[in-house]
Amino acid sequence: MKTTFASLFIASTMAFAPMSFADETTNTDLEFETAKDIIWEKELSIYAGRGDGDLGPYISNLAEGYSAWSPHMSTPNSAEAMYAAADRMTDQTEEELAMEFVGFTLNGTTAIIYYQTHMTRNGAGEEVDHRYEVTHTWAYEDGAWKVLGGMARSRPDRD
Amino acid sequence: MKHLLSALILSAGLAACQPEPQPVAEPEIPSEPVAEEATAEAPATAEEIIWAKELAIYEARGEGDISVYLENTADGFSAWPPFTDTPYGRDVLEAIGGGTNGGDQEELTMELVSFTQNGDSAIIYYQTHMTRSADGTPVDYRYEVTHTWANVDGEWQVLGGMARAMPERGEN
């Protein structure tokens, strides 16, 4: 697996300032910059694992109630679908994929991250050129940021 | 504006991602029995509240009124529609009228697909089918949408989301 991670901070998206944190001001995990760094690192580790055919890092970061809507499904998937996919993916170890950070926002114990991915080789080793835009929602659960759900789309043609 | 709002709960989607039951506050018991008030309705669920807000947002948007959307946004609002390279915040949302640019002719139906909640975080998934754009042009646009809602001081507010043109799919 040769995954390249690039963190491109798009200035215009960073204008979303940190919010009030109510009673959680003493927990640095809930501070804007810290939460952003934690969650982006988790996203990178999730994709690094996936590139090696290992969904373990993804599964270990799932929040209770996880539900995400990938572009190829007509309805969102649950954690159970993730567990099933993990068993099927162990031989999908050839993925090459770059990630670019796009944006982040936080309010209390809810955070959203936006990023792009560019896959140049799929897990089976075939050369591809797939660009996606992704959002994940993260919830702070039992002292840790966990992914609650999200959506991805093929990058639209924009002119 | 002939806005048709329908809530079709796709059972497959809901069955796949039911959230854990959320604790419900103990009802307040009056010290004196009140005979005529035994009909207290169960509190609306987060799903019911949020879906109602989504319907209200689109209903108003279809009439060229973006204020309902704006007043339901959380601090830090940031959403990524398909037509922009990056997410945008409240200021842009207001400037473009939520994508209507001031038009009030939109006709659009909505179908709830799924909902999940974890504490003060919730995600709703739904589909929209626009048959007339805000400027009155007949169209046939189908979108899939997610919004993330945060419970801020006891009120659900939309923090962000994403939409995509409905992909063409085979069976899955």
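Which residues lie nearest the centre of the largest pocket? They are A:Arg50, A:Ser70, A:Pro71, A:His72 and A:Met89, and they belong to a lining of 34 residues. Bear in mind as you look around that this is a predicted model.

Let's stay with that pocket for a moment. The space inside comes to about 1,000 Å³. Quite a list of chain A elements gives two or more residues to the lining: the helices α1 (32-51) and α3 (79-88), plus the strands β2 (62-69), β3 (77-78), β5 (110-121), β6 (127-141) and β7 (144-154). The top contributor is β6(A), with five residues. Sort the lining by class and you get 19 nonpolar residues, 12 polar ones and three charged ones.

Two of those lining strands, β6(A) and β7(A), are worth following further. They form a hairpin with two residues between them. In the turn sits A:Asp142, whose phi is positive, at about 50 degrees. From there the strands pair in the antiparallel sense, with 10 bridges between them. If you want a place to check the register, find A:Trp138 and look across to A:Val147 in β7(A), which stands opposite.

Now turn to the other partner of this strand. β7(A) is also joined to β2(A), this time running parallel, through four bridges. Here A:Ala68 is the residue to pick out, with A:Gly150 of β7(A) opposite. So how much of β7(A) is covered? Mostly covered is the answer: of its 11 residues, nine are buried. Put together, β7(A) pairs with β6(A) in the antiparallel sense and with β2(A) in the parallel sense, and each of these strands gives at least two residues to the pocket lining.

Over in chain B, there is another pocket to visit. The second largest pocket has a volume of about 650 Å³. Its lining counts 30 residues, and B:Arg61, B:Pro81, B:Pro82, B:Phe83 and B:Gly98 are the closest to the centre. Which elements of chain B supply at least two residues each? One helix, α2 (46-62), does, along with the strands β1 (73-80), β3 (121-132), β4 (138-152) and β5 (155-165). β4(B) gives the most, with four residues. As for class, this lining has 20 nonpolar, eight polar and two charged residues.

Methods: Residues numbered from 1 in each chain as written. Chains lettered and ligands numbered in written order. Predicted model: local features only at pLDDT ≥ 70, side-chain atom pairs only at ≥ 80, totals over all residues. Heavy atoms only, no water. 1 Å grid on protein atoms, 1.4 Å probe; cavity = no way out; pocket = protein on both sides within 12 Å on 5 of 7 lines; lining within 4 Å. Points joined across faces, edges and corners; volume = space filled by probe spheres on them. Nonpolar A, V, L, I, M, F, W, Y, C, P; charged D, E, K, R; others polar. Buried < 20%, exposed > 50% of the residue type's maximum accessible area, 1.4 Å probe, protein only. Pairing = 2+ DSSP bridges.
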